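Here are a few notes from my look through this one. Have the coordinates open while you read.

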Amino acid sequence: MHIGAHALSNRLFVAPMAGITDRPFRRLARRFGAALAVSEMVSSRPELRESRKSRLRLDHRGEPGPISVQIAGADPAMMADAARYNADLGADIIDINMGCPAKKVCNAAAGSALLENEALVGRILEAVVAAVELPVTLKIRTGPDPSRRNALAVARIAERSGVRLLAIHGRTRACAFSGVAEYRTIAEVKASVGIPVVANGDIRTPEDARRVLESTGADGVMIGRAAQGRPWLFRDFAHFLDTGAHLAPPPATEIGAVLDEHLDGLYTLYGAEHGARVARKHIGWTVRELPGGEALRQSVNRIDTAAAQRSAVNDYIARLAA
């Protein structure tokens with residue numbers, strides 16, 4: 001698959017997740033075989049560009065290309081300016097968020113709230129595509145609510161506007177993350193447009209990925225929550241899709257090495273104190289299904305320093321390996 005001039009190695013994408021898919025997460029996912037890791041959503045509002053949160057989200061040092069930066073907003077001119085700004089910072093691909101169901105995003109008429117206004121969708125896409133020479137991609141949901149699944153109409157607008165790839169989460173804005181993702185709408189979109197379509201939502205296992213690819217005809221799958229604490233999942237998925245066979249689960253020593261690398265990345269990006277707070281959820285996700293994992297999660301949630309946190313994790317992994 002290609003996005004503009006960028007050839008992707010496989011059909012596996014990392015879903016952008018606010019507060020999760022930061023630089024350390026993206027680097028691990030790419031190392032384990034994800035073809036593309038889209039950044040956390042950044043606001044198109046220029047007054048927010050120099051905030052610490054925005055600067056951290058736009059830090060791509062050491063990441064393999066292509067670098068895909070997701071922008072969010074509801075004003076076409078502001079979105080075009082944000083695309084130019086991120087292109088100047090080194091983005092290779094500009095992704096537009098029209099899929100986030102979070103209230104604070106939708107209350108600003110951005111994210112999946114834009115699906116209510118197809119005319120505005122068109123103006124935003126045309127403005128961003130015209131603003132940069134980079135390929136532009138789009139992430140959407142299937143519609144505002146189950147009675148108004150307008151993903152096909154939005155997909156046709158996107159294709160006419162020059163968008164190069166479309167990712168679709170199989171829920172509506174109203175569904176948020178409840179219920180079960182549906183893929184019939186994604187299959188309808190894929191059958192009706194000529195640009196690549198990537199399916200997202202409830203893809204937790206390699207079998208899920210194969211089933212969704214076969215049932216929708218999608219060009220790829222985008223994996224989000226299932227990869228939390230398990231960046232090796234992309235290696236597992238790629239092997240299964242290529243061979244039909246499962247890889248053995250990673251041994252404790254590998255899990256420990258991956259978690260240690262993740263902690264290093266978080267402490268470096270955020271600083272020791274803030275990094276230790278961010279790391280708590282990642283540690284919990286990594287050990288959630290392992291013996292004694294819940295006790296470790298509770299323990300690290302009471303630890304405030306990076307050194308003590310790393311020590312607790314290393315002691316736990318050593319006991320697990322033994």
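**Notes on the helix pair and the sheet**

1. In this predicted model, start with helix H5 (residues 118-131) and helix H6 (residues 151-161): their axes come within 9 Å and cross at roughly 25°. Angles under 35 degrees count as roughly parallel, so H5 is roughly parallel to H6. As for the hand, the crossing of H5 past H6 is right-handed.

2. Which residues make the contact between H5 and H6? From H5, they are Glu-118, Val-121, Gly-122, Leu-125, Glu-126 and Val-129. H6 answers with Ala-153, Val-154, Ile-157, Ala-158 and Ser-161. By type, that contact splits into 7 nonpolar, 2 polar and 2 charged residues.

3. Now the sheet. Its 9 strands run in the order S4-S3-S11-S10-S9-S8-S7-S6-S5, and the sheet is open with parallel pairing. Strand S4 (36-37) sits at one edge and strand S5 (42-43) at the other, each of them pairing on one side only.

4. At the S4 edge, have a look at the neighbouring strand S3 (residues 12-14), which pairs with S4 in the parallel sense over 2 bridges. Here Phe-13 stands opposite Leu-36 in S4.

5. Back to H6, since it links the two topics: besides its contact with H5, H6 packs on the sheet, where it touches strand S8 (136-141) and strand S9 (165-169). The direction of H6 makes about 170° with that of S8.

Key. Residues numbered from 1 in each chain as written. Predicted model: local features only at pLDDT ≥ 70, side-chain atom pairs only at ≥ 80, totals over all residues. Heavy atoms only, no water. Axes fitted to C-alpha atoms, helices over the stretch in contact; angles between N-to-C directions. Helix = DSSP H or I, 4+ residues; strand = E, 2+ residues; numbered from the N terminus. Parallel < 35°, antiparallel > 145°, perpendicular 65-115°, else oblique. Left-handed = near helix turned anticlockwise from the far one by under 90°. Contact = heavy atoms within 4.5 Å. Nonpolar A, V, L, I, M, F, W, Y, C, P; charged D, E, K, R; others polar. Pairing = 2+ DSSP bridges.
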